[in-house]
Amino acid sequence: MQLVEDLADRHELISDLFKQPKSPEEWEQYKLSDEQVAHFHEHGYVSGIKLLDESQINVLRKELEEIRDPKHPAHELFYEFHGNQSTDPNTVLFHSLGHWRITEGFHDILWNPAFTMAASQLLGNNNVRFWHDQLFCKPSNHGGVVAWHQDYSFWIRTMPMQHLTCWTGLDDATTENGCLYYVPGSHKWGLLQKPELAGKMEGLMEFMTDEQKANFNPVPIELKKGYGSFHHPLMIHGSYENKSEFSRRAFVLNVFSDGTLSDTDGEMLRGTPIRVPKGEKMDGKFFPLLFDKK
């Protein structure tokens with residue numbers, strides 16, 4: 001029987017895919033500008049951040065194809081694995097959580113300095129702790145939607161709300177192949193009820209006020225592969241079908257400020273045995289510290 005290593009036990013870079021800066025000067029190259037940070041706080045997002053080079057993209061693409069096989073020897077380490085989560089039988093949306101436990105590349109992407117530095121800045125220059133990862137893959141011609149939603153509506157098991165999401169493409173993302181859309185300013189609308197994530201695109205509308213519907217003006221976030229977009233936990237976002245001849249593969253990293261607490265005695269993450277007693281700090285094996293501002 002093949003032994004499988006759970007990479008969640010290792011809270012540091014384990015490959016040579018990324019290099020950890022060793023001085024404040026080396027960290028400077030990864031800092032967002034004041035204008036980028038201000039854009040995030042005003043509009044709820046900032047995009048066009050280069051996070052990966054060509055060689056890193058190729059490594060992650062290769063790993064993605066390997067772990068999409070349900071017969072992969074480390075398959076049991078996924079939190080969730082949906083070969084197709086779409087509720088429309090005519091479309092496909094691959095979605096998974098927990099792959100950071102399986103391959104070196106998807107493990108080390110958590111400690112990518114271009115990601116962790118920006119995340120710290122957007123979280124108010126705080127220390128950054130990992131929440132969970134995701135993969136979203138839309139095949140050519142019949143890729144499914146990700147319905148309009150707010151991330152925090154799925155995360156109310158933690159408090160206070162001091163979370164952040166980063167979306168990064170492994171393919172060029174365009175309006176034709178199902179790129180991400182944001183509704184600028186919607187992070188100031190408060191928490192709405194959650195819809196079915198891979199269900200009806202407009203499902204969230206039934207939970208919105210007339211004023212919110214009148215100000216519902218989505219903008220497409222087209223990105224070259226290797227570039228990312230960060231958004232606020234209350235930002236309304238989603239993505240339409242992929243009807244193009246090209247795939248749209250992407251991964252998502254979700255983080256929060258160190259010091260975030262559990263708000264439940266129940267299940268913390270679906271598909272895992274993780275329990276953090278209500279009121280206790282989120283830390284330990286599954287929630288490693290990614291960035292220490294010291």
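The paragraphs below lead through the pockets, one buried strand residue and the nonpolar cores of this predicted model.

Residues are numbered from 1 along each chain as its sequence is written. Local features of the predicted model need pLDDT of at least 70 and side-chain atom pairs pLDDT 80 or more, while totals for chains, interfaces and linings use all residues, and side-chain values rest on heavy atoms, with hydrogens and water left out.

The largest pocket (an open set of points on a 1 Å grid over the protein atoms alone, where a 1.4 Å probe fits, with protein on both sides within 12 Å along at least five of seven lines) holds about 630 Å³ of space, a volume being the space filled by probe spheres set on the points. It is lined by 29 residues, of which E80, H95, Q134, F154 and L197 are the closest to its centre; a lining residue has an atom within 4 Å of a point. At least two lining residues come from each of β3 (94-97), β4 (128-138), β5 (146-149), β7 (163-169), β11 (237-239) and β12 (248-257), where strands are DSSP runs of E with at least two residues and helices are runs of H or I with at least four, numbered from the N terminus. By class, this lining contains 11 nonpolar, 10 polar and eight charged residues.

The second largest pocket encloses about 390 Å³. Among its 18 lining residues, W27, F291, D292, K293 and K294 are the closest to the centre, and α1 (24-28), α5 (113-122) and β14 (289-291) each give two or more residues to the lining.

Strand β3 also contains S96, which is buried (under 20% relative accessible area, with a 1.4 Å probe and protein chains only), its own value being 0%. Not counting residues up to four places away in sequence, S96 touches F78, E80, F81, D133, Q134 and L135, contact meaning heavy atoms within 4.5 Å. The side chain of S96 also makes a polar contact, at 3.3 Å, with the side chain of H99; such a contact is a pair of N or O atoms within 3.5 Å, one able to donate a hydrogen and the other to accept it.

The largest nonpolar core (buried Ala, Val, Leu, Ile, Met, Phe, Trp, Tyr and Cys residues joined through side-chain atoms within 4.5 Å) has 59 residues, and L52, F115, F230, F251 and F287 have the most contacts inside it. Helix α5 supplies the largest share of this core, with six residues. Beyond its neighbours within four places in sequence, L52 is in contact with residues including F18, I57, I109, T168 and F251. Another core, of 27 residues, lies apart from the largest one and has W148, M208, F216 and A250 among its members.

How values were computed
Nonpolar A, V, L, I, M, F, W, Y, C, P; charged D, E, K, R; others polar. Buried < 20%, exposed > 50% of the residue type's maximum accessible area, 1.4 Å probe, protein only.
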